[in-house]
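Here are my notes, as numbered points. Please read them beside the model.

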Amino acid sequence: MSVPYGQTALPQRVSIREVGPRDGLQNESVILTTANKLRLIDALAATGLAQIEVGAFVKAENVPQMADTTEVFASLTRQPGVKYSAIAPNVLGARRALEAGADMVQVFFSASESHNQSNVNMSVEQSLANVADMSAIVRAANRPFDAVLSVAFGCPFEGHTPIERVLELCGRLLDLGAEEVTLGDTTGMAHPSLVQQVVQAFQVRFPRQALRLHLHSARGAGLANILAALQLGVSEFDSSIGGIGGCPFAPGAPGNLCTEDMTHMLHEMGIHTGLDLPALMATARMLEQMLGHEVPSQTIKAGICKHLTG
Ligand code: MG
């Protein structure tokens, strides 16, 4: 089934993974208490989200915002049908994620050497060397193992990321046991033409493999990039409540794509998300209170179009 769009058709349903509690909060200077993180995650789980990225198992001294991820998992009020996931850069992190009770584990590393060194202090080959062991450990625990490839559309240190390099790394990740790959536009360098080039190349190389995109809005192209991907049948996306998670390379700029802005656009287009948009907006407003500042979300400022005329 599909939704008409000009001469083409778009997916009728989109699946959104909420990354605010991890990717959003880890870029915030305000560190939420464990109790407030739990309130945020509980509110998100009540909006219909099927997957919420709860935290990261990384060195606490590097990412203090994620230091309490084990405690957050231990205190979750789990809602039926919601998968609570975590990311990990290595075998130790994957073990900690499983012990904490993560429903899914994602390994993450960068498509460029300099970003990977900066982010996880490893070469790309060193990151890949972890993947086989992580995959075995996670799958032995009967839980899904996925991969997130960062800076897949451009690197702030190296510029253009060669598409062939992205495909090579995706192939190795899939060979090493990743069930799904997410391509990340980590610092918002993608544009619609590039999204279509990368997605088409992926679909040609891996015709039976679903693809998830983690797009950013750092330069305002986030929703245009979503549309470009929808036109090629991509139906799985990451986004962050309120659009939190400012890009560390562009201070003050919005970073992660905003969950309620994307949801509003999709609903207006007739595409189903399964999400309760007013509940998402209420959650974003609650988050503003917790953080003590406005969030980048446009929809909580402008309102839902369908509600304007009653
Ligand atoms: Mg992000």
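1. Start with a definition: the expected span of a helix is 1.5 Å times one less than its number of residues. The model is predicted. Helix α6 covers residues 124-140, which makes 17 residues, so it should span 24 Å. Its end C-alpha atoms lie 25 Å apart, and that agrees.

2. Where does α6 bend? The bend is at A132, and it amounts to about 25°. After the helix comes N142. The phi of N142 is positive, near 60°.

3. Which residues of α6 are buried? They are V124, S127, L128, N130, V131, M134, S135 and V138. These buried residues pack against three strands and three helices named here: β5 (83-88), β6 (104-110) and β7 (145-150), along with α4 (91-100), α5 (113-120) and α7 (163-175).

4. Now strand β8, residues 181-184. V181 and L183 point one way. T182 and G184 point the other way. Buried or exposed? All of them are buried. In general, side chains in a regular strand alternate between the two faces of the sheet.

5. On one side of the pairing list, β8 goes with β7. The sense is parallel, and there are three bridges. V148 has T182 in β8 as its bridge partner. The unit made by β7, α7 and β8 is a right-handed β-α-β unit.

6. Strand β8 also runs parallel to β9, residues 211-214, and four bridges join the two. Opposite G184 in β9 is H214. The connection from β8 to β9 passes through helix α8, residues 192-205. This β-α-β crossover is right-handed.

7. H214 also leads to the metal site. Which protein atoms are donors of the magnesium ion? They are D23 (OD), H214 (NE2), H216 (NE2) and N256 (OD1). Their distances from the ion run from 1.9 to 2.2 Å. Along the chain, the donors follow the spacing D-x190-H-x1-H-x39-N.

8. Why do the two histidine donors count as buried? The cut-off for buried is under 20% relative accessible area. H214 has 7%, so H214 is buried. H216 has 6%, so H216 is buried too.

9. One item to check by eye is the set of angles at the metal. The ideal values are 109.5 degrees for four tetrahedral donors, and 90 or 180 degrees for six octahedral ones.

Key. Residues numbered from 1 in each chain as written. Predicted model: local features only at pLDDT ≥ 70, side-chain atom pairs only at ≥ 80, totals over all residues. Heavy atoms only, no water. Bend = angle between axes of the 7 residues up to and from the residue. Buried < 20%, exposed > 50% of the residue type's maximum accessible area, 1.4 Å probe, protein only. Contact = heavy atoms within 4.5 Å. Pairing = 2+ DSSP bridges. Right-handed = clockwise from strand over helix to strand, strands pointing away. Donors = N, O, S within 2.8 Å, 3.2 Å for Na, K, Ca; no water.
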